Amino acid sequence: MDDKQKTIPFTEINQRYRAMYKWELAEKAGVTLQVLRGWIKKDGLKVPKSYKMLPPYIVKEICERYVIILDD
């Protein structure tokens, strides 16, 4: 977490990230669904294969690790 994020209230940080479908996040990242699945597995994020929608905390983690900017 950088200095700017430390000054932002917690509720505001959580509002930036929402639950997203895997295919939707892959599209925003500019990669295939298989690559996104590989990232999730490699990073040990404990997301079952059967989940079609990723919870906000997983979306946040992936966006921070791989510098994905969500323009919602």
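**Figure 1. Valine 67 sits in the segment after H5.** The model shown is predicted. Phi of valine 67 is near 50 degrees, a positive value in a residue that is not glycine. Most residues other than glycine have a negative phi. Valine 67 is also exposed, with a relative accessible area of 67%.

**Figure 2. Lysine 46 has a positive phi too.** The angle is about 55 degrees, although lysine 46 is not a glycine. Look for lysine 46 in the loop between H4 and S2. Is the residue buried or exposed? Lysine 46 counts as exposed, because its relative accessibility is 77% and exposed means over 50%.

**Figure 3. The whole chain holds five helices and two strands.** Follow the sequence and the pattern reads α-α-β-α-α-β-α. The protein has 72 residues, and 32% of them are buried. Four salt bridges turn up in a search of the whole structure. The next views take in some of these parts.

**Figure 4. Helix H4 has a buried face.** Which residues of H4 are buried? They are Leu36, Trp39 and Ile40. Seen down the axis of H4, these buried residues fall within an arc of 95 degrees, so they line one face of the helix. The other side of H4 carries exposed residues: Gln34, Lys41 and Lys42.

**Figure 5. Aspartate 43 and arginine 65 meet in a salt bridge.** Their side chains come to 3.3 Å, N to O. Why does this pair tie together separate parts of the chain? Aspartate 43 lies in the loop between H4 and S2, while arginine 65 lies in helix H5 (residues 56-66), so the bridge joins parts that are 22 residues apart in sequence. Arginine 65 counts as partly exposed, at 40% relative accessibility.

**Figure 6. Glutamate 61 also forms a salt bridge with arginine 65.** The closest N and O atoms are 2.6 Å apart. Both residues belong to helix H5. They are four residues apart, about one turn of the helix. Glutamate 61 is partly exposed, with a relative accessible area of 27%. Salt bridges that share partners join Asp43, Glu61 and Arg65 into one network.

**Figure 7. Glutamate 64 pairs with lysine 60 in a salt bridge.** How far apart are the closest N and O atoms? The distance is 3.6 Å. Glutamate 64 and lysine 60 are four residues apart in helix H5, so about one helical turn separates them. Glutamate 64 is partly exposed, at 36% relative accessible area.

**Figure 8. Arg37, Lys41, Lys49 and Lys52 form a positive surface patch.** One member, lysine 52, is found in the loop between helix H4 (33-42) and strand S2 (53-54). Lysine 52 is exposed, because its relative accessible area of 65% is over 50%. Another member, Lys41, appeared in the view of H4 as one of its exposed residues.

**Figure 9. Tyr21, Trp23 and Met53 form a nonpolar patch on the surface.** Together they have about 320 Å² of accessible area. Where do two of these residues sit? Tyrosine 21 has its place in strand S1 (residues 20-21). Tryptophan 23 is found in helix H3 (residues 22-29). Tyrosine 21 counts as partly exposed, at 38% relative accessibility.

**Figure 10. Tyrosine 21 and tyrosine 51 are 30 residues apart in sequence.** What is their separation in space? From C-alpha to C-alpha, it is 8.6 Å. Tyrosine 21 is the residue of strand S1 that also takes part in the nonpolar patch.

**Figure 11. Aspartate 71 lies in the segment after H5.** Valine 67 has its place in that segment as well. Aspartate 71 is exposed, with a relative accessible area of 65%. Lysine 28 is 43 residues away from aspartate 71 along the chain. In space, the C-alpha atoms of the two residues are separated by 8.7 Å.

Notes: Residues are numbered from 1 along each chain as its sequence is written. This is a predicted model: local features need pLDDT of at least 70, side-chain atom pairs count only at pLDDT 80 or more; totals for chains, interfaces and linings use all residues. Side-chain values use heavy atoms; hydrogens and water are left out. Patches are made of residues with over 30% relative accessible area and no salt bridge: like charges are joined within 9 Å, nonpolar side chains (Val, Leu, Ile, Met, Phe, Trp, Tyr) within 5 Å. Accessible areas come from the Shrake-Rupley method with a 1.4 Å probe; for residues, only the protein chains shown count as cover. Lys and Arg count as positive and Asp and Glu as negative; His and the chain ends are not counted. The place of a charge is taken as NZ of Lys, CZ of Arg, CG of Asp or CD of Glu. Buried means under 20% relative accessible area, exposed over 50%, partly exposed in between (1.4 Å probe, protein chains only). The arc is that of the directions from the helix axis to the C-beta atoms.
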